[in-house]
Amino acid sequence: MIMLAANFVWRGLPVDVVVPVGKQPKKKALDWLTRFCGENRRLLVYQIDDEWFAFGPPMFQTDIASRLGRGETPWGD
């Protein structure tokens with residue numbers, strides 16, 4: 001996977017973006033990354049196949065889902 005560390009900031013918290021090299025990140029790597037983000041107050045947006053997912057508090061997940069629903073990129077260009 002390719003990780004763009006602190007690609008953008010959401011409400012003062014850094015958001016890392018991960019895209020897989022293949023169809024999806026390896027489970028072990030994604031598990032480690034979500035654990036790391038949780039322990040270090042970082043948020044995460046990642047892709048599996050063509051679908052985006054958000055890891056973080058419910059408000060962050062809702063915001064990312066809303067952006068995607070409007071056809072925007074997860075980082076809200």
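Let me start with one detail: the side chains of Arg70 and Glu72 meet in a salt bridge, at 3.0 Å from N to O. Before I go further, please keep in mind that what we are looking at is a predicted model. Of the two partners, Arg70 is exposed, with a relative accessible area of 54%, while Glu72, at 32%, is partly exposed.

That bridge is one of a set, since a search of the whole structure finds 4 salt bridges, and I would like to take you through two others. Lys27 and Asp31 are joined by their side chains in a salt bridge of 2.7 Å, again from N to O, and both residues belong to helix α1, where they sit 4 residues apart, about one turn of the helix. Lys27 counts as exposed, at 62% relative accessibility, whereas Asp31 is partly exposed, at 32%.

In helix α2 we find Arg67 and Asp63, which are likewise 4 residues apart, about one turn of the helix, and whose side chains meet in a salt bridge of 3.1 Å, N to O. Is Arg67 buried or exposed? With a relative accessibility of 14%, Arg67 counts as buried, because the limit for that word is under 20%. Its partner Asp63 has 21% and therefore counts as partly exposed.

Let me now step back to the chain as a whole, so that these helices have a setting. The secondary structure comes to 2 helices and 4 strands, and if you read along the sequence you meet them in the pattern β-β-α-β-β-α. The radius of gyration is 12 Å, close to the 11 Å that the globule rule gives for 77 residues, so the chain is as compact as a globular protein of that length. Along its principal axes, the C-alpha trace spans about 30 × 25 × 20 Å.

How much of the chain is buried? Of the 77 residues, 31% count as buried, and the chain exposes about 5000 Å², of which carbon and sulfur atoms supply 55%. If we take the contacts between residues at least 6 apart in sequence, 42% of them join residues at least 24 apart.

From here I turn to the aromatic rings. A pair of aromatic rings is described by the distance of the centres and the angle of the planes. The structure holds 3 aromatic pairs, and I will show you two of them. In the pair made by Trp10 and Phe60, the ring centres are 5.2 Å apart and the planes stand at 70 degrees, so this pair is edge-to-face. Trp10 lies in strand β1, residues 2-10, and Phe60 in helix α2, residues 58-69, so the pair ties together parts that are 50 residues apart in sequence. Both Trp10 and Phe60 are buried.

The other pair has a different label, and the angle tells us why: the rings of Tyr46 and Phe53 have their centres 5.5 Å apart and their planes at 20 degrees, so this pair is stacked. Tyr46 counts as buried, with 14% relative accessibility, but Phe53, at 28%, counts as partly exposed.

Now to the surface, and to a question: which residues form a nonpolar patch there? Ile2, Leu4 and Val21 form it, and together they have about 280 Å² of accessible area. Val21 is placed in the loop between β2, residues 13-19, and α1, residues 27-39, and with a relative accessible area of 65% Val21 is exposed.

My last stop is Arg42, which has its place in another loop, the one between α1 and β3, residues 43-48. Leaving aside its neighbours within four places in sequence, Arg42 is in contact with Ala5, Ala6, Pro14, Asp16, Phe36 and Cys37. As for the start of the chain, Arg42 and Met1 are 41 residues apart in sequence, and from C-alpha to C-alpha they are 18 Å apart in space.

If you take two residues home from this talk, let them be Arg67, a salt-bridge partner of Asp63 that nevertheless counts as buried, and Trp10, which pairs edge-to-face with Phe60.

Methods:
Residues numbered from 1 in each chain as written. Predicted model: local features only at pLDDT ≥ 70, side-chain atom pairs only at ≥ 80, totals over all residues. Heavy atoms only, no water. Patch = residues over 30% accessible without salt bridge, like charges linked within 9 Å, V, L, I, M, F, W, Y side chains within 5 Å. Areas by Shrake-Rupley, 256 points an atom, 1.4 Å probe, with all protein chains shown as cover. Buried < 20%, exposed > 50% of the residue type's maximum accessible area, 1.4 Å probe, protein only. Rg over C-alpha atoms; globule rule 2.2 N^0.38 Å. Contact = heavy atoms within 4.5 Å. Phe/Tyr/Trp six-rings, centres within 6.5 Å; stacked < 30°, edge-to-face > 60°.
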